[in-house]
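Please look through the sequence and the model shown here before reading on. The paragraphs that follow take up the metal site, then a ligand site, and then a helix.

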Amino acid sequence: MSSTVGVKGANGAGAVVPQSNSTEEVVAELLRRSSFMFVSHVKPDGDTLGAGLALGLALKQLGKRVGYFQQDPVPRNLRFLPDAEHVARDVPADLPADTLWVFCDMSDFSRAGEFLPKIERANMLDVDHHLGNSHFGGFNYVIATEASTGTCVLRLLHALDVTITPEIATCILTTIMTDTGAFMHTNTTAPVLRMSAEMIELGADKPLITEEIFANKRFAATKLLGMALERMVLEDDGRYCWTYVDEEMLRVANADGEDTEEIVQHLRAVEGVEAAALFKDYEGAVRVSLRSSGRINVQAAAAMLNGGGHFMASGLTFEGTLPAAVEGVHAALRAQGL
Ligand code: AMP
Ligand code: MN
Ligand code: MN
């Protein structure tokens, strides 16, 4: 089976631009292999995890060996996902050499963290929907128009001879609900709603997903939200809203990093705001979440600072102090027309 096809730029002289493989090519490779390791990105979300678990469960039906590798622990609100109890930072000692490592929901393999063994490119499959994906795999299934990595996986499931069980349907619906903000974001298109209806018809537990991910907030999370909102700043004639969370705030609220997730959406929802930023100043670096209301491309802004993501939602890790991060992100957003 072919590896990634390279094509020259339009003028024939440009760098080789890697292309995605077709559904048929990826399915043929999945059928050819007998052992798989699924890899999620650091600080995992419902898309990176749900996509891998869905495809892993499907491949198990075909008698394949499946493992799940992830640097960070499964967040509390995703432990309900089927098979999540098998996710760990372990590489089995008896893993076959021709195992296919499937990276889900990451624009580059560096997003998997620092604890992976050395893996040959020929043994990597990159399944993703981020803008600017680096096509790092020997096989790449990258569809930037898809709402979630899980909907990319659903294309593969339809092409494979597998049953979409209620467990698989719950994983796929989790990816969609995570990346559409429970059907709120502009990526909630008619096909996305049709796929969601299909998953519910196949037994996806939507009430469970809603309860675990979107309700059921810890007291500490809501307390931290209040502290972050108290510190929010409105700039650029009301077009830019930002705030931060630092170690001291986490300590006072008795919260941890998992409790920061929904803060940035409150900033973006402020009337007139076109770009919002949350600065997470703990664990030795400043991680930044960026959100757009539709005019500013926050993926391009994040990319200027070695981050990535999507037009409407992106992120980056800033090596430096909080004031430097605030200044750097502000400059990057202005360069994108803020
Ligand atoms: P978050 O704000 O963490 O929810 O992330 C929003 C989007 O940005 C997601 O699609 C992430 O995959 C992406 N993203 C977050 N952090 C980074 C980073 N350091 N590098 C590249 N992409 C990132
Ligand atoms: Mn993700
Ligand atoms: Mn995603």
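Which protein donors does the manganese ion (ligand 2) have? In this predicted model, they are His41 through NE2, together with Asp45 and Asp105, each through OD, and these donors lie 2.0 to 2.3 Å from the ion. Along the sequence, the donor residues follow the spacing H-x3-D-x59-D. A second manganese ion, ligand 3, lies 4.0 Å from ligand 2, and Asp105 coordinates both of them.

The two aspartates come from separate places in the fold: Asp45 sits in the loop between β3 (35-39) and α2 (46-61), whereas Asp105 belongs to the loop between β6 (100-104) and β7 (124-128), so the pair ties together parts that are 60 residues apart in sequence. Their surroundings can also be compared through relative accessible area, for which a residue counts as buried under 20%. Asp105, with a value of 3%, is buried, while Asp45, with 22%, is partly exposed.

The next site is that of ligand 1. Of the 13 residues around ligand 1, those that come nearest are His130, Ser289, Arg291, Ser314 and Gly315. By class, the shell around this ligand consists of nine polar, two nonpolar and two charged residues. Among the polar contacts, an N or O atom in the side chain of Arg291 is 3.0 Å from an oxygen atom of ligand 1, and a polar side-chain atom of Arg111 lies 3.3 Å from an oxygen atom of the ligand. Gly308 contributes through its backbone instead, with an N or O atom placed 3.3 Å from a nitrogen atom of ligand 1. Taken on its own, ligand 1 has 480 Å² of accessible area, of which the protein covers 77%. The elements that give two or more residues to the shell are β12 (285-292), β13 (308-309) and β14 (313-318), and of the contributions to the shell that of β14 is the most, with five residues.

Finally, there is helix α4, which runs over residues 166-179. The helix has 14 residues and reaches 20 Å from its first C-alpha to its last, close to the 20 Å expected at 1.5 Å a residue. Of these 14 residues 11 are buried, so α4 is largely enclosed by the rest of the structure. The buried residues include the run Ile168, Ala169, Thr170, Cys171, Ile172, Leu173, Thr174, Thr175, Ile176 and Met177, and Asp179 is buried as well.

Note on methods:
Residues numbered from 1 in each chain as written. Chains lettered and ligands numbered in written order. Predicted model: local features only at pLDDT ≥ 70, side-chain atom pairs only at ≥ 80, totals over all residues. Heavy atoms only, no water. Near = heavy atom within 4 Å. Polar contact = N/O pair within 3.5 Å; in protein donor to acceptor, adjacent residues only side chain to side chain. Areas by Shrake-Rupley, 256 points an atom, 1.4 Å probe, with all protein chains shown as cover. Helix = DSSP H or I, 4+ residues; strand = E, 2+ residues; numbered from the N terminus. Nonpolar A, V, L, I, M, F, W, Y, C, P; charged D, E, K, R; others polar. Donors = N, O, S within 2.8 Å, 3.2 Å for Na, K, Ca; no water. Buried < 20%, exposed > 50% of the residue type's maximum accessible area, 1.4 Å probe, protein only. Expected span 1.5 Å × (residues − 1).
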